[in-house]
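Here is a quick walk through a protein model, written for someone who would rather look at side chains than at statistics. Keep the viewer open while you read.

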Amino acid sequence: MHEVMNHTGWLAIVKRYSLTATLVGAAMMPLLGCKGGESDSPDKGGETTTGPEGETEVSNITGSIKINGSSTVLPISNAMKEEFAKEYPGVEISVSGDGTGTGFKEFYAKSTDISDASRPIKAGELEKCTEAGVEFIELPVAYDGLTVVIHPENDWATELTVDHLKKIFVNAEDKPTKWSDVDPSWPAEDIGLYAPGTGSGTYDYFKEVVIGKSEAEMRDDMSLNEDDNQLVKGVAGSKFAIGFFGVAYYEENKDKLTAVKVVNPADSVAYEPSSDNIASGKYAPFSRPLFIYVSTASLPRAEVAAFVQFYLDNAQEVSEAVAYVRLPDSIMERAQSHLDSELSGTHYVDADGNSRHGAVEDIYVKENL
Amino acid sequence: MRPTDKPKTEIPAALRSQDSAFLEKNTRRRKQLSRWFYVVCIMVALISVAILALLIASIVYQGQSRLSTDLLTRSHSELDIERSGMLPSILGSLAVCMVCAAAALPLGIGTAVFLEEFQPTSRFLRWWHGFIQINISNLAGVPSIVYGLLGLTVFVYMFNVFGKITVNEYSGWELMGATHSYQVLTLDPKIAVKIPTDSADVQRIRMTGPGYVLGPNNEWMQIEIWDPKSGDPRPRDPSKRRRTVKLGQAGSLQTEKAWYYFRLPFDKSFLAAGLTLALVILPIIIIASQEALRAVSPSLREASLGLGATRWQTVKNICLPAAIPGIMTGAILAMGRAIGEAAPILVVLGSLVAKSTGPKHLMDNAVTMPVLIYEWAGRPEPEFQELAAAAIIVLLVILLAFNSIAIYLRHRVQSDSNV
């Protein structure tokens, strides 16, 4: 069939990690020529590329992509994988949702190409990445409104300020055990506290908002559960309970729970976590961006580049389809330009290793890299 | 007997007074008690059955609406939840359990034969024998998640003896079934060409000149180079774009994996998961096989030895055939546990659900039914919770089917050996 042919017009610069070596291709690779006119039997249906150029054309790119990270982002990544597979059937994508923290651990151990995250990377994780020589591009893909929920019969805590939540959820000497400890006009009943597990990005994000930079810790007498459905059951089952989780779980359980309107510190108005309020940033400070972190070492791979581009192109539609809130065009454009110019690094940790806080519009700018 | 001890000749009161009324009453009371005990026993037995029936009924109630062909023929879908299925997880579970059985059965039965039939006589070996016996009994009580962590170190990472597998850098010791090539994107963003290579040492090349490559249909073709800086316009003709590569375009190493692709370490593969499960069920198989061998009548064994058969001949021709039904019972129970284990698989393979196929090669990862059920049950959408219930029904049916086959086989073996 194929005869070995020495082809001297072939040169390849070979790049291994950061080392660049020039090798004469003929010496290093077996170069095979093909007798002209001979046509091999076409490949399996899906991989032929006979279709006209356009959206529906099926690609012949092969390869595998490994993704791990936040279980909150998991549905978006799963949906992307599903859609991507229709156009790129040769690419194997494995998506795990072991948690944001675990995702970053695997990311800086170079086990994954992309890390899903429901909070920005932490300074410690960034340090580990730098040590391991892992560079990444930070791309926001959707908004999630972290939702504080109460029992529908609870009529006193329908509007809360961040200070209230701080008082309720943060560990302190005088931490309230009864609602009346928070506000004397509230009932003198025990508060039931429900929160996601400490490994989740949701827990971390809530903690960051209510605690900020101080040394305080979250309360240790809450009911923690990795399974958000258990939190739904907990709060739905007790009139005096309060808890928090991602907006998707609230959307599915609207009949059993009430979402607390959170007072925006900027204009002192309480907003409910509706899609509009989350997208417009009015539901502050609990509307949070969800991210994917893409290793720049993986980006030259055709399959990874194609997938990340596909992710950005479809992030708005897909995130809405899986019950999150779409990011505004302005942010998506910025993400696209970051990807195009391969701007690596995080916007959320400054040069001194301190975390930046605030709305994604203000922080996700080139100057913060 | 000392003279002071008078022999007891006194008749018990019940016998002394031949009060027929008392006797009758006493008998009635005893019989009644016996009847009551009988009723209590039945109730206790019924309670456990009733709980099981209630459980199955509630699951069937929750899941029956999702029992459809989609469930058996499709994979997890995020955008089309209604039509999500569990085919990859069925295939994954079967693959994992096959590995598990292939590893655990020979090892388990072999160990049981050693412990029962080849009891050593020397002091040291006897101590060793006892040591193994005690440890196997202990291992049977170890929680399965601990085996998961063990499997992670031993099978997934292999103590990093063969290096740590990383994306873009190192893909382990590839022993079989790997075909390497560099994938280079053409000017058509959906079409790539391949340059085969023998060595997997270099992860990335850059295109600097024209040459022969493998095209989209696996045919050899010549490729041209377009230099954006040369001022030549970017080729517009689609067929030409597919034959043209940008100067300096990266080509990255691709591994095409045949089904027998074998690599060390195993990384997160169904092989590692199967071997981990084998560790979980090994003690159960050993203990059950030991019981079965112990139940073989010593007279059979002695008769065989007395006729001059060696120990191996005795084991092969007498003990094992007689013990096979018992061993198979143990194996059935153990495999039933293996197919339903979620914790060690979650540790070894991670919480992966959206895989669209069963494992394609030995080093491929897999979704298993218990993990899928666990993940689905934790999702907010009620559809997924119903799907989880439907998946439980499928898992139970598959489990029952396997058990029936195994019981049928055992029956046949049993009746054969009796003839």
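Among contacts in chain A between residues at least 6 apart in sequence, what share joins residues at least 24 apart? It comes to 70%. Bear in mind that this is a predicted model.

**Chain A**

Chain A has 13 helices and 17 strands. Of its 369 residues, 50% are buried.

Helix 8 of chain A, residues 228–236, is a good place to zoom in. Its buried residues are A:Asp228, A:Asn229, A:Leu231, A:Val232, A:Gly234 and A:Val235. Look at the start of this helix, too: a side-chain oxygen of A:Asp227 comes to within 3.0 Å of the backbone nitrogen of A:Asn229.

Next, find A:Leu126, which sits in helix 4 (residues 123–132) of chain A. Leaving out residues up to four places away in sequence, A:Leu126 touches A:Ile121, A:Phe136, A:Thr346 and A:Val349. From A:Leu126 to A:Tyr108 the C-alpha to C-alpha distance is 8.8 Å, with their positions 18 residues apart in sequence.

**Chain B and its two domains**

Over in chain B, the domain assignment gives domain 1 as 69–160 + 267–418 and domain 2 as 173–264. The C-alpha centres of these two domains of chain B are 43 Å apart. Where they meet, seven residues of domain 1 are in contact with eight residues of domain 2. The area buried between the two is about 650 Å², and carbon and sulfur atoms give 70% of that. On the domain 1 side, B:His361, B:Leu362 and B:Met363 lose the most area to domain 2, together 71% of what that side buries. By class, the side of domain 1 that touches domain 2 has four nonpolar, one polar and two charged residues.

What about polar links across this interface? The rule finds zero salt bridges between domain 1 and domain 2 of chain B, and one residue pair in polar contact.

For a closer look at one residue of chain B, try B:Gln249, in the loop between strand 6 (244–246) and strand 7 (250–264). Is B:Gln249 buried or exposed? B:Gln249 counts as buried because its relative accessible area is 18%, and the cut-off is under 20%. Neighbours within four places in sequence aside, B:Gln249 is in contact with B:Val184, B:Leu185, B:Ile205, B:Arg206 and B:Met207.

**Salt bridges**

Searching the whole structure turns up 34 salt bridges over all chains. Here are a few of them, with the N to O distance for each pair.

| Pair | N to O distance | Relative accessible area |
|---|---|---|
| A:Glu317 and A:Arg326 | 4.0 Å | A:Glu317 44%, A:Arg326 29% |
| B:Arg74 and B:Asp80 | 4.0 Å | B:Arg74 27%, B:Asp80 30% |
| B:Arg294 and B:Glu116 | 3.0 Å | B:Arg294 46%, B:Glu116 15% |

The pair B:Arg294 and B:Glu116 deserves a second look. B:Arg294 lies in helix 8 (residues 270–294) of chain B and B:Glu116 in helix 4 (residues 87–117), so this salt bridge ties together parts that are 178 residues apart in sequence. B:Glu116 counts as buried, whereas B:Arg294 is partly exposed.

Finally, there is a salt-bridge network to pick out: A:Glu92, B:Lys355, B:Lys360 and B:Asp364 are joined into one network by salt bridges that share partners.

Definitions and conventions: Residues are numbered from 1 along each chain as its sequence is written. Chains are lettered from A and ligands numbered from 1 in the order in which they are written. This is a predicted model: local features need pLDDT of at least 70, side-chain atom pairs count only at pLDDT 80 or more; totals for chains, interfaces and linings use all residues. Side-chain values use heavy atoms; hydrogens and water are left out. Domain bounds come from an automatic or database domain assignment. Contact means heavy atoms within 4.5 Å. Buried area is the accessible area (1.4 Å probe) that two parts lose on being put together, summed over both. A salt bridge is a side-chain nitrogen of Lys or Arg within 4 Å of a carboxyl oxygen of Asp or Glu. A polar contact is a pair of N or O atoms within 3.5 Å; within protein, one must be able to donate a hydrogen and the other to accept it, and residues adjacent in sequence count only if both atoms are side-chain atoms. Ala, Val, Leu, Ile, Met, Phe, Trp, Tyr, Cys and Pro count as nonpolar, Asp, Glu, Lys and Arg as charged, and the others, Gly among them, as polar. Helices (H or I, at least four residues) and strands (E, at least two) are DSSP runs, numbered from the N terminus. Buried means under 20% relative accessible area, exposed over 50%, partly exposed in between (1.4 Å probe, protein chains only).
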